[in-house]
Amino acid sequence: MAAALALSSSPRHRWRLPGTATGWFTGWFLLAWIGVVVLPLLIISAFSFFSMRQYQIVYDPTLDTWIGLAETGRWVVVLRTIRFAVSVTFLEILVAFPFALWLAKGCRSNAVRAGIITLLTIPFFIDASSRIIVWRSILGTNGVINNLLVGSGLIDKPLTWLLYSDFAVSFGMFGSYFPTAVFPIFLTLSLIDDDLIKASSDLGGSRLQTLRFVILPLAMPGIVGGIVFTFVPLMAAWIEPQLLGGGQVNLLGQSIQSALSNLNYPVAAALSTVVIGVLVLLLAVLIVSLRGRFSMSSLFQSLDR
């Protein structure tokens, strides 16, 4: 009995289940995953092959919806959305990585670290529309920035491109999804043993070499997580284009919302299928390009310490 208790309290065995229980749990988990995640996606894709007639769905398979999307130029909206998502995600990771590195390894004050983490989590508890619409009073022609620039004599007239432009939409997206880029990287960097970094320095490695050969490879799961958790919601974002784009920046999220508002479910399903396809392609590219460097399970294996 004592030996059994000792074995169960051992760090190497505390999460293990008997073989039968593991198989049972895995089977039910796969069924739940298929029912909650995969099945709804398949249903959405299936709806894209139906049509609408007098606000009623006609369940006769047809390609009319897809042909209509191609003929109306909706593919331009798809390309524009991908461009926004890729560019904003790149900037997010470019800024989030050094920030997360400082927060995990450079910040020596626990109080400051806790305060910053709290500030990063606050936006999750505030309505997105309320957060975004504030930028109108800051970026507008009569906003805070233009008033300061005109008042200081740096410019003669307000800058009109600060609001209702590609810049405004990108800026709003950057602020909205910065926490989702920081947190996965921060968590992974926090799990890196400081002794590894010290060992690199003791062996004569410079800071740049330590960053390149020690920190970056170990932080790669967090970087991949940051890319996924940022790119995925950006592909379906509609609040930022609607509030900061002024009708001049149309993205997929807005098109889906417009189709749903008009009760045109096949078009909304087709556009959603495009988003799903792009995300599956992204995940496939990430898995293939990073194959051999780490497995996706490494995102969780480091937690078992």
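**Exercise 1. Work out how helices H8 and H10 are oriented relative to each other, and describe what lies between them.**

Solution. In this predicted model, H8 and H10 are roughly antiparallel to each other. To see how this follows, begin with the geometry: the two helices pack at an angle of about 150 degrees, with their axes 8 Å apart. Because angles over 145 degrees count as roughly antiparallel, the pair H8 and H10 falls into that class. The next step is the handedness, and here H8 passes H10 in a right-handed crossing. Finally, turn to the residues that touch: on the H8 side they include Met 173, Tyr 177 and Leu 189, while on the H10 side they include Ile 215, Gly 222, Phe 229 and Leu 234. Sorted by class, this contact holds 14 nonpolar and 6 polar residues, with no charged ones.

**Exercise 2. Decide whether H5 is oblique or roughly antiparallel to H8, and list the residues that meet.**

Solution. Start again from the angle, which for helix H5 (residues 110–121) and helix H8 (residues 166–190) is about 140 degrees, with their axes 9 Å apart. Since roughly antiparallel requires an angle over 145 degrees, H5 is oblique to H8. As for the contact itself, Arg 113, Ile 117, Leu 120 and Thr 121 of H5 meet Phe 178, Pro 179, Val 182, Phe 183 and Phe 186 of H8. These residues divide into 7 nonpolar, 1 polar and 1 charged.

**Exercise 3. Describe how H9 is placed against H10, and then characterise the second largest pocket, to whose lining both helices contribute.**

Solution. First take the helix pair: the axes of H9 and H10 come within 10 Å and cross at roughly 160 degrees, which means that H9 is roughly antiparallel to H10. The crossing of H9 past H10 is right-handed. In this contact, Leu 196, Ile 197, Ser 200 and Ser 201 from H9 meet Thr 210, Val 214, Ile 215 and Leu 218 from H10, and by class there are 5 nonpolar, 3 polar and no charged residues.

Now move to the pocket, the second largest, with a volume of about 410 Å³. Of its 15 lining residues, the closest to the centre are Leu 101, Lys 105, Ile 197, Thr 210 and Ile 215. At least two lining residues come from each of helix H4 (74–106), helix H9 (194–202) and helix H10 (207–235). The lining as a whole divides into 5 nonpolar, 5 polar and 5 charged residues, whereas the contact of H9 with H10 has no charged residues. As a last step, note that Ile 197, Thr 210 and Ile 215, listed among the residues closest to the pocket centre, also take part in the contact of H9 with H10.

Technical notes
Residues numbered from 1 in each chain as written. Predicted model: local features only at pLDDT ≥ 70, side-chain atom pairs only at ≥ 80, totals over all residues. Heavy atoms only, no water. 1 Å grid on protein atoms, 1.4 Å probe; cavity = no way out; pocket = protein on both sides within 12 Å on 5 of 7 lines; lining within 4 Å. Points joined across faces, edges and corners; volume = space filled by probe spheres on them. Helix = DSSP H or I, 4+ residues; strand = E, 2+ residues; numbered from the N terminus. Nonpolar A, V, L, I, M, F, W, Y, C, P; charged D, E, K, R; others polar. Axes fitted to C-alpha atoms, helices over the stretch in contact; angles between N-to-C directions. Parallel < 35°, antiparallel > 145°, perpendicular 65-115°, else oblique. Left-handed = near helix turned anticlockwise from the far one by under 90°. Contact = heavy atoms within 4.5 Å.
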